[in-house]
Amino acid sequence: SRRRHKKRKSVTMVGTSNVASDAARATLTVSTTILEKDQLLREVIAAASPLQLTVIEKSPPKKKGGAGGEELKLVLVGSEVNLSSIPPPVELTQRNAILRSLCGPALHYALDHGPNYFLGGHALSLSGGTGGGLEDNMAVPSSASSALALAGISSWMSVASSIREDATGESVKDLLPKLDAYLATRSFLVPNSPKATLADYDLIYAIAEKAAGAENILDGLVNVNRWMSSSPSASVVASISPVFFYGDEPEEVLAAAAAAVSAAPAKAVSKGQEKPAAKAAAGGAGGLTEEQKKAAADKRAKKANEKAAKKAKQPNAKAGNAPTDEIDISALDIRVGKIVKVWKHETAEKLYCESIDVGEKEPRSIASGLRPFYELDGMENKMVLVLCNLKARNLVGFPSHGMVLCASNADHTKVKLIAPPADAKPGDRIMFGDFKGKPEAENKVGKKKMLEKLLPDLKTNADGAVVWKGVISKVGESGAACIAEEKMADALVG
């Protein structure tokens, strides 16, 4: 993709110590010893465009006494366009900050949208959703949930670091049962992420390293094993990322750059050398023949004609014929429920099994990971909110049909149930202002990934009331709001 930057602004990414970047190019200097043992770093390098990231691999120098020094440094470099407006290069030396920066502002968020989503799409959301344009609002969070998600990624990566640094292996043994309960109702570590993020990969690699030297530490951890097996290696997800230009390069340079990307080897670095594709981009298109130039021009003309023909066949949106994929919170069937029976799951230490009246002929069976937060005798007869139009599934062998909605902080260390108003009855539907559409079918909710699209905007406000995009929830004859217990404010709901 080409990006024209007439007015260049710095950008800020949460979780990297407020590092400002004014470039789409960066240089990473790394010791061979670090690269050999850091699988995630290798895979992020491989996913990055060789035209944006220059990697210099160095053999560690020998010091007195035979000890070798290690080097890891990322320098964010400004473009040669409009030099007077460019701040001095920014240098990072902390491994986790480097990884998050590479997947965020350092390369214009190229690794935070499909197919990678290394930061769950949340860094791109905070940037204003432009995916590379430096706009005035890029440093202003567009979603509080994205800021919390990035903080969560940072925290989980710190957990992974502590596991790697623990020579005894006790920290991973202590973490695994808690992690298994945490993952009982989650696909990935960070809520509302479409795919595994840096946090997932980093922790999986750290656990796998410790598990290789210990016997049976993963036995019986159904959710952890499912999570580890369903989150593919980062290298499986990675592919050549978008390449950004400043818009003033000759067409020959752009053609040469595209050819360099296509020919870029899968291996990210060559010992002691810069990436060949990066050199090609910097050196221009001196090697293009007239025949190659003509072929590139013909290809561009053919693509333009195909695009025009496709546009002509599309229905007129103004005439009301164009389909729309827009959905709102009314697509979710959120109802008042009453827990009529609750008991502990036989094998999952963190799960309650509940029978909940949601206004149907028979109560629904639902499993919830609430045992770390609520005592058993305090659960029965509680009025709660239940998301009903989810397909039934087995949670550690228990058939669960629905989800009890709770308010939680970013790292899920504090969780509170949400109480409907006193006059609400089981089965009453929660509504949000003028969003009054009919709930979607269960299979469509999953197929269209509606939870991923809608839940990031479902949260509590400063008063602890549940809102969606700022519109307050209402239910019952009084039309009162649903309030998180203890009026837990500014929390995620899910």
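## Cysteines

Cys-353 is buried, with a relative accessible area of 3%, and Cys-388 is likewise buried, at 1%. Here buried means under 20% relative accessible area, exposed means over 50%, and partly exposed covers the values in between, with a 1.4 Å probe and protein chains only. The structure holds 0 disulfides, a disulfide being a pair of cysteine sulfur atoms within 2.5 Å. In general terms, a disulfide is a covalent bond between the sulfur atoms of two cysteines.

## Basis of the model

This is a predicted model, in which local features need pLDDT of at least 70 and side-chain atom pairs count only at pLDDT 80 or more, while totals for chains, interfaces and linings use all residues. Residues are numbered from 1 along each chain as its sequence is written, and side-chain values use heavy atoms, with hydrogens and water left out.

## Overall composition

The protein has 494 residues, of which 46% count as buried. Its secondary structure comes to 14 helices and 21 strands; these are DSSP runs numbered from the N terminus, with at least four residues for a helix (H or I) and at least two for a strand (E).

The exposed surface of the protein is about 24,400 Å², and carbon and sulfur atoms supply 51% of it. Accessible areas come from the Shrake-Rupley method with a 1.4 Å probe, and for residues only the protein chains shown count as cover. Among contacts in the protein with a separation of 6 or more, 70% are between residues 24 or more positions apart; a contact means heavy atoms within 4.5 Å.

## Nonpolar cores

The largest nonpolar core contains 60 residues, and Leu-179, Leu-198, Leu-203, Ile-207 and Trp-227 touch the most other members. Helix H7 (residues 198-211) gives this core its largest share, 9 residues. Such a core is a set of buried Ala, Val, Leu, Ile, Met, Phe, Trp, Tyr and Cys residues joined through side-chain atoms within 4.5 Å. Leaving aside neighbours within four places in sequence, Leu-179 is in contact with Trp-156, Leu-189, Leu-203, Ile-207, Val-224 and Trp-227. Another core, of 28 residues, lies apart from the 60-residue one and has Leu-385, Met-450, Val-466 and Trp-468 among its members.

Helix H6 (residues 170-182) contains Asp-174, which counts as partly exposed because its relative accessibility is 46%. The side chains of Asp-174 and Lys-178 are joined by a polar contact of 3.4 Å. A polar contact is a pair of N or O atoms within 3.5 Å; within protein, one must be able to donate a hydrogen and the other to accept it, and residues adjacent in sequence count only if both atoms are side-chain atoms.

## The five-stranded sheet

An open sheet of 5 strands, with antiparallel pairing, follows the order E9-E8-E7-E10-E13. Strand E9 (364-368) and strand E13 (403-404) are its edges, each pairing on one side only. Two strands pair if DSSP finds at least two bridges between them. Strand E7 (residues 334-344) is joined to strand E10 (residues 383-387) by 5 bridges in the antiparallel sense, and Val-336 stands opposite Leu-385 in E10. Leu-385 is also among the members of the 28-residue core.

## Strand E15 and the loop after it

Strand E15 is largely enclosed by the rest of the structure, because 4 of its 5 residues are buried. Strand E14 (residues 406-408) runs antiparallel to E15 and is joined to it by 3 bridges, with Cys-406 and Leu-417 as bridge partners. The hairpin of E14 and E15 has 6 residues between the strands, and His-412 there takes a positive phi near 65 degrees. E15 also runs antiparallel to E20, with 2 bridges; Ile-418 stands opposite Ala-484 in E20.

Asp-428 lies in the loop between strand E15 (415-419) and strand E16 (431-432) and counts as buried because its relative accessibility is 18%. A polar atom of the Asp-428 side chain lies 2.8 Å from the backbone nitrogen of Lys-425. Beyond its neighbours within four places in sequence, Asp-428 is in contact with Ile-334, Arg-335, Val-336, Val-475 and Gly-476.

## Positive phi angles in two further loops

Most residues other than glycine have a negative phi. Val-396, in the loop between strand E11 (393-395) and strand E12 (398-400), has a positive phi near 50 degrees. Val-396 counts as partly exposed, at 22% relative accessibility.

Glu-486, in the loop between strand E20 (483-484) and strand E21 (492-493), has a positive phi of about 60 degrees. Glu-486 counts as exposed, at 60% relative accessibility.
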